[in-house]
Amino acid sequence: MVNNKKLRILFVASEAAPFAKAGGLGDVVYSLSLSLKKLGQDARIMLPRYASIDPKKVKMKMELRGLKVPTDQPGDYPFLICNVKKSQEENKTVIPTYFLENMEYYEKRANVYGYSDDHIRWILLCRGVLEFLKFSNWKPNIIVASDWQTGLIPNYLKTTYEKDPVLSKIGIIFAIHNLQYQGMCDFKFVQESERDSGKEPIPDFFNPRLAKLNWILRGVIYSDIVTTVSPTYSKEILTPEYSEGLDKIFNENRGKIFGILNGIDYEENNPEKSPHLPIKYDIKNLGKRKENKIFLQKKFGLPENGKNFLLTIISRLTDQKGIELLEQIIDSLFKNLPIQLICLGDGESRYKEMLKKASEKFPDKIRYLFEFDPQLPHLMFGGADALLMPSKFEPCGITQIQAMRYGCVPIVRKTGGLSDTVQDFNPLKNEGDGFVFVNYEPLDLLIAIARAYTCYNFTAQWKQLIKRVMKKDFSWKKSAKEYLAIFQQLSQKKNP
Ligand code: GLC
């Protein structure tokens, strides 16, 4: 039950749109905060100010200058000095956002991830947030810490700051978007006897032991509640197949784990209005999608033909995304079927090489762009017939939800959030809204694509399918209320 008490909720993450975004996490942090705000809550965000967040372009005001963040190192660097700035209302974003500034660890770094001292950058964020809140006039009832980079916030709250009169009153949620990344030293790289138990005190910032901690494990152990981004994934992580070595800890904590499906912003993803779509359309004039398809084919240098079955992949090119399945069938698929594929995303060179070669072999059928582009996907969803997402695992997946909003039919593997959002097409009953395969096998993917291609050729059935796809509702409305109910219960428990 959602009651009327307005909660103050602080999301802490390494990414948040529109300021810093490398994947789905950045989108979710922003769009969930926005939905909570629409439900009348005071939601805010805190993240580092990376070099890419330019104060000349993003209006911000100094909130706290010279914050001394203790490092626990007795030697030369007992503190790291930070500033906290706050976004100003006239910015495009309507969520108040705090930026943690530190010259060495954030302002000089152009990228969000990928530095050898990332563990120092993230411990500074974890502790910097808590130190800031001691001084800030605004105190949250709830902190939502997302993914491993913030896994030490729960740990600090329940140890170092356990008796702090202000901080000890805050309810702490640990939100898992992706388990594969657990710190600088994921469990899969460590022998069982050397794995972090989570019980040792957090070492000082510059102690090499810091890089050995499992930050996800600590986030789970010390938080009040753990959330994951889909109901199915919250069950999958209890099994060795999906837990990345953490099933024991998840099973011990299963009573506090909740799976809530991600949503998307229905205003930003809107085929009737998207500024990134040359031809707008809605469910009543689906014929217009063809014009977007031709535009898209032209943009990627493919022969322009509205009749061709056009597939798209919009994804990080990593193991998680099942690109290896495609690798094994790509030749037979494109040799035998008159279909086209366009691919957008950056990632591992092995997969880029594979797609490059395939494109050389089938220049009229396969094209790619190895970039992260936040705008181009709207055109791709609006013009392509089907989206390929054969993930090995998928905590939720945002792309298939966006694709569905635009009537781009998803072809997915039955795992995690994909399983919660796409129902397999049944030609006899004319039901379902995508093509789903179960086993992580290349042949299974091939069959799913062939089924989709067959259905595409039955124009009337395909049109009905698109309509069903577009009618699905994955806006944040429902999920944001589920989060709020959990936050309210926790806040009440913390402040009876
Ligand atoms: C991660 C997951 C993805 C999820 C996203 C946002 O990127 O891999 O499945 O949708 O986080 O929660």
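These legends walk through close-up views of a predicted model.

**View A. Six strands line up in an open, parallel sheet.** Reading across the sheet, the strands come in the order 12-11-10-13-14-15. Strands of a sheet pair through backbone hydrogen bonds, either parallel or antiparallel. Here, the pairing is parallel. Look for the two edges: strand 12 (366-369) and strand 15 (435-437) each have a single partner strand, so one side of each has no neighbour in the sheet. From one strand to the next, the twist averages 20°.

**View B. Strand 10 meets strand 11.** Residues 309-314 make up strand 10 and residues 339-344 make up strand 11; the two pair in the parallel sense over 6 bridges. To find one of these pairings, start at isoleucine 314, whose bridge partner in strand 11 is leucine 344.

**View C. Two helices lie across strands of the sheet.** Helix 8 (residues 289-300) lies across strand 10, strand 11 and strand 12, and runs at about 65° to strand 11. Helix 10 (residues 349-361) lies across strand 11 and strand 12, running at about 140° to strand 12.

**View D. Threonine 71 sits in a loop.** This loop is the one between strand 3 (60-70) and strand 4 (79-87). Is threonine 71 buried or exposed? Threonine 71 counts as buried, because its relative accessibility is 0%. A polar atom of the threonine 71 side chain lies 2.5 Å from the backbone oxygen of tyrosine 77. Leaving aside residues up to four places away in sequence, threonine 71 touches Tyr77, Pro78, Phe79, Leu80, Asp204, Phe205 and Phe206.

Note on methods:
Residues are numbered from 1 along each chain as its sequence is written. This is a predicted model: local features need pLDDT of at least 70, side-chain atom pairs count only at pLDDT 80 or more; totals for chains, interfaces and linings use all residues. Side-chain values use heavy atoms; hydrogens and water are left out. Two strands pair if DSSP finds at least two bridges between them. Helices (H or I, at least four residues) and strands (E, at least two) are DSSP runs, numbered from the N terminus. Axes are lines fitted to C-alpha atoms, for helices over the stretch in contact, and angles run from 0 to 180 degrees between N-to-C directions. Contact means heavy atoms within 4.5 Å. Buried means under 20% relative accessible area, exposed over 50%, partly exposed in between (1.4 Å probe, protein chains only). A polar contact is a pair of N or O atoms within 3.5 Å; within protein, one must be able to donate a hydrogen and the other to accept it, and residues adjacent in sequence count only if both atoms are side-chain atoms.
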